[in-house]
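User: I'd like a close look at one part of this model: how the charged side chains pair up. Please take it slowly and connect it to where those residues sit.

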Amino acid sequence: MDKSKIFYRFGIPDKEILKNHQELYDGISISAHVAKYYNNSIVEFLKEVEKPYFIDPVTYVFARDLTNIEKNGELKRSYKKLIPKYGPSLGDLLEQSKLSPSDMVDDFLDELCKHVLNFQKTFLQEPSAMSKYDKILGKEGKKAREPLFLIPPYFYVSEKDDPWYKISLDCAKKCKSLEGEQDVYPVIFISLEFLMDQDAVSKLLSDYVGFDGYAIWIADFNEKLAHIDDLKLYRNLISKLSEQEKPIYSLYAGFFSMLMSKFGLTGFSSGVCYGEKKNVDTLPGWAPPIRYYIHQLKTKAPELSARDFYDEFEEEDLLCDCNVCKKIKSESDKSNLVEDFFDMLKSQPKLNKIHFITNRKDESNYMAQDLNEIIKYLDKNHDYFFNELSSFEYDYFESKHLDKWAQVLRTSM
Amino acid sequence: MVYEKSLMKPLEEHYMGQGFETYFEVPMYSKKIDMVCISPDFSNIIAVEAKVSRWQKALKQAMAHRLCANKVYVAMWHEFAHRPNIDLFDKFGIGLLEVNGGVKLIHEAKESNKNHQSVKQNLREYLIKESRGKNG
């Protein structure tokens, strides 16, 4: 199992890109509050785009500061719509305050688990504004597609003795016993501190056995900036978990996680050109800036930085050669290729995202190479940018992370 | 203790004395330029990145300003203005100013040959709008 499956987290701005470029990814992940808020739109999208999907129940937010999910002092509408779907008790509890471990008594856990699973299972069966057209389109009577797997309620675990550890595990076990038909994948949502605690990780690996698969999320794990020892810990967690020979997905990840396909990671999810890491407490109202994906460095640079860098070094060969970028280059009169290139990219804002998913697909295919070839590829790009290109590091164009990643792969051999 | 904002007043006086209009924290795509000076006919644009002592960071930030300004400078507090690697400034065509009550030119900037017209026009339009707001 080498090729890494690419899942993109659904966002309304990316809907057309995902619809028109289905050959460039493997599946869709959807946050539950987004699913509920854009219910009709997403139901129709999933009917048109027949890709595997899963719904992230995002229950962890209810145990955090509720201002994270508020706007103008009230719960955001997307969460207000979602909460009733998780049973009558959740809303009552949240009126008082965020969830605390003492709230998580058996009866409430039973109710929460049943409703969270039911929401995911029946999402595509929800009445849709467009459903009257299903008969015309010949889709009436067709069984609604089920999610690839179901996710139990889960909560953030900051350290070994965090009470939310047992609560998340109990939810996972309850859901496994409740669900007879579909696969249940618990989310292992932990801090970096937890990952660094070998005793905690050993216990986790012995507790989380017997499930149909797993999803993992290390809070705010920056694959590019993480210390090499932490990258190795992440690799080891995946490697050990994969000994159960079950699928494993990373919920917020990037190229380094793609490399982890060599150690048993089945696939990973991110936004389209954003969202490769996520902290447990993300402030509301954040919109990802427009950035250009630098394929040699597996990183993204703001437009201005990218213009400056490529212009400085006048290396046209450094510009990407994917179908998107090749077409743009061919349309330039070449008097100033870099300026033309970025002007044209900017004139059609979705092009930078299509360029990103095109490169990501190429990278996924490249994972079929053996480990030595991949290490050579990382070393080659690191050496070029670090040694040959400049004695002065440009922001966003550093290459140290490629060297770290190569070392993580090398030390596993 | 000296802060970045301590450099702004002398810089403003220096460039206004040369007939420029000055603007602070000018948005440029996802970045901000500490100070932009523009000639009355909007033809000449100078960008200044100010730092008390961290010249490497200032230089990195100043690089992208070459896309939209005629000349780009890093301005530093006089106590630290001897630290920068002038060869590096020269290599990238960026000037260096020393600030201590007044402003002293340490290294002249080269006229930028890195302008991208769309980026420069974007900045020019912002400054014209700001100028109209300032002058009523």
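Analyst: Let's start with Asp207(A), which is buried, since its relative accessible area is 17% (buried means under 20%, exposed over 50%, partly exposed in between, with a 1.4 Å probe and protein chains only). Keep in mind that this is a predicted model, where local features need pLDDT (the predictor's confidence in each residue, from 0 to 100) of at least 70, side-chain atom pairs count only at pLDDT 80 or more, totals for chains, interfaces and linings use all residues, and side-chain values use heavy atoms without hydrogens or water. Residues are numbered from 1 along each chain as written, with chains lettered from A and ligands numbered from 1 in written order.

The partner of Asp207(A) is Lys203(A), and the two side chains form a salt bridge at 2.7 Å, N to O (a Lys or Arg side-chain nitrogen within 4 Å of an Asp or Glu carboxyl oxygen). Both sit in helix α9 (residues 198-207) of chain A, 4 residues apart, which is about one turn of the helix (helices, H or I, of at least four residues and strands, E, of at least two are DSSP runs, numbered from the N terminus). Lys203(A) counts as partly exposed, at 44% relative accessibility, so this pair has a buried acid and a partly exposed base. The general idea is simple: side chains of opposite charge can pair when their charged atoms come close.

Now for a pair with a longer reach. Lys346(A) and Glu303(A) meet through their side chains in a salt bridge of 3.3 Å, N to O. This one links distant parts of the chain, with Lys346(A) in helix α14 of chain A and Glu303(A) in helix α12 of chain A, 43 residues apart. Lys346(A) is partly exposed because its relative accessibility is 41%, while Glu303(A), at 12%, is buried.

While we're around α14, have a look at Ser332(A), in the loop between α13 (323-330) and α14 of chain A. Ser332(A) counts as buried, as its relative accessibility is 7%. Leaving aside residues up to four places away in sequence, Ser332(A) touches Leu337(A), Asp340(A) and Met344(A) (heavy atoms within 4.5 Å).

Helix α12 brings us to a pair between the chains. Asp311(A) makes a salt bridge with Lys114(B), and their closest N and O atoms are 3.6 Å apart. The pair runs from helix α12 of chain A, where Asp311(A) sits, to the loop between β6 (102-107) and α4 of chain B, where you'll find Lys114(B). Both ends are tucked away: Asp311(A) counts as buried at 7% relative accessibility, and Lys114(B) is buried too, at 10%.

There's also a network to trace. Salt bridges with shared partners tie Glu276(A), Lys298(A), Lys300(A), Arg360(A) and Glu363(A) together. Lys298(A) deserves a pause here: its phi is positive, about 60°, although it isn't a glycine. Its place is the loop between β10 (291-294) and β11 (299-302) of chain A. Lys298(A) counts as buried because its relative accessibility is 7%.

Set that beside Glu245(A), another non-glycine residue with a positive phi of about 60°. Glu245(A) lies in the loop between α10 (228-241) and β8 (248-250) of chain A, but at 72% relative accessibility it counts as exposed.

Stepping back, a search of the whole structure turns up 31 salt bridges over all chains. How many of them cross the interface of chain A and chain B? The rule finds 2 there. On the side of chain A that touches chain B, α12 (303-313) and α14 (337-347) each supply at least two residues. The largest share of that side, 7 residues, comes from α12(A). In total, 20 residues of chain A are in contact with 20 residues of chain B.

Finally, how far to trust it. The predictor gives the complex an ipTM of 0.88 and a pTM of 0.90. Chain B averages a pLDDT of 93, with 99% of its residues scoring at least 70. Among the elements of chain B, helix α4 (residues 117-135) has the lowest mean pLDDT, 89, and strand β4 (residues 71-77) the highest, 98. As a general rule, where pLDDT is low, the predicted coordinates should not be read in detail.
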